Amino acid sequence: MTAAPRIDLHTHSTASDGTLSPAELVRAAADAGLDVVALTDHDTTAGWEAAVRALPPGLTLIRGAELSCRWFGVEPAIPLHLLAYLFDPTEPELVAELARVRLARELRGERIVRLLQADGIEVSWREILAGAAGGTVGRPHIAQALIRAGLVATTSEAFGPDWLGERYRLPKEDIDVFRAVALVRAAGGVPVFAHPRATRRGRIVPDELIVALAAAGLAGLEADHEDHSPAERAHVRGLAAELGLLITGSSDFHGTHKTVRLGAHTTDPGAYERIVATASGVTPVASG
């Protein structure tokens with residue numbers, strides 16, 4: 001009997017806040033025994049080309065992104081993430097929106113650094129930008145600066161309430177989630193709600209919103225994720241079944257920023273085939 005393909009549909013590289021370059025990431029995915037990996041950096045497609053060039057034999061690459069979104073149905077609005085697969089990276093409206101979000105993220109990062117400096121904490125915005133290596137700048141890059149300065153020991157500590165989790169946390173501009181779903185669909189992509197019930201990350205949206213998003217074009221829900229408890233995974237699966245949405249499982253791999261390994265959670269081949277069949281933006285890239 002042939003083993004089912006191992007499919008991980010949520011990973012990050014240095015094009016956003018991962019620690020492996022896109023080329024290193026695809027090689028690591030092959031070494032981890034994956035058959036399919038999705039590159040889903042935050043609000044950018046900057047890593048796609050390098051990942052394609054370095055694709056090892058036997059590995060298929062799904063090009064995607066993780067969009068920073070927000071639901072404005074409550075006050076304050078709830079941030080959430082939308083995984084977008086196989087969309088056309090040249091679609092003008094989506095390109096413009098992603099560029100806006102990346103710029104807002106960078107400006108927020110610079111403001112956070114100024115707040116730290118005002119309290120006598122010696123971190124350098126120039127070094128943080130250099131550490132991002134041209135990728136989308138985010139709080140994880142500031143966390144690394146705090147670690148290098150010996151102020152915290154781990155990324156988790158840096159995201160605690162005394163640092164980036166509360167005291168030095170600033171809001172960022174995101175995309176309205178309904179607009180994001182529409183933009184991804186218009187670009188021929190497939191939108192999937194990332195870790196929708198991860199209460200350990202903070203506030204979550206009500207099921208009623210997911211029902212509305214499904215009616216607006218949402219294709220799936222990420223159920224198997226490191227930040228979902230068994231009960232949360234079961235809830236997501238039940239909701240997806242009710243709404244006819246596909247279910248994914250993913251590592252949300254970031255390299256050394258997190259302890260989770262590539263392929264820690266995987267997607268059923270049937271759900272993967274539905275994503276590929278639904279997409280009309282770009283196609284999977286197979287090597288060898």
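These questions and answers look at helix α7 and two pockets in a predicted model.

User: Which residues of helix α7 are called buried, and what makes them so?
Analyst: Val177, Ala180, Val181, Leu183 and Val184 are buried. Buried means under 20% relative accessible area, so each of these five α7 residues falls under that cut-off.

User: How do you know that the buried residues of α7 line one face of the helix?
Analyst: Look down the helix axis. The buried residues fall within an arc of 165°, so they line one face of α7. In general, an α-helix has 3.6 residues a turn, so residues three or four places apart point the same way.

User: What do the buried residues of α7 pack against?
Analyst: Their partners are β3, β4, α3, β5, β6 and α8. Contact here means heavy atoms within 4.5 Å.

User: What makes the link between Asp176 and Phe178 a polar contact?
Analyst: A side-chain oxygen of Asp176 lies within 3.0 Å of the backbone nitrogen of Phe178, at the start of α7. The cut-off for such a pair of N or O atoms is 3.5 Å, so this pair is a polar contact.

User: Which residues are closest to the centre of the largest pocket?
Analyst: The pocket holds about 1500 Å³ of space. Of its 47 lining residues, His81, Arg139, Phe159, Arg169 and Arg201 are the closest to the centre. Strand β4 gives the largest share of the lining, 4 residues.

User: How many residues of each class line the second largest pocket?
Analyst: The lining has 2 nonpolar, 8 polar and 2 charged residues. Gly counts as polar, so Gly18 and Gly131 of this lining belong to the polar class.

Note on methods
Residues are numbered from 1 along each chain as its sequence is written. This is a predicted model: local features need pLDDT of at least 70, side-chain atom pairs count only at pLDDT 80 or more; totals for chains, interfaces and linings use all residues. Side-chain values use heavy atoms; hydrogens and water are left out. Buried means under 20% relative accessible area, exposed over 50%, partly exposed in between (1.4 Å probe, protein chains only). Helices (H or I, at least four residues) and strands (E, at least two) are DSSP runs, numbered from the N terminus. The arc is that of the directions from the helix axis to the C-beta atoms. A polar contact is a pair of N or O atoms within 3.5 Å; within protein, one must be able to donate a hydrogen and the other to accept it, and residues adjacent in sequence count only if both atoms are side-chain atoms. On a 1 Å grid over the protein atoms alone, a cavity is a set of points where a 1.4 Å probe fits but cannot get out, and a pocket is an open set with protein on both sides within 12 Å along at least five of seven lines; lining residues have an atom within 4 Å of a point. Grid points are joined across faces, edges and corners, and a volume is the space filled by probe spheres set on the points.
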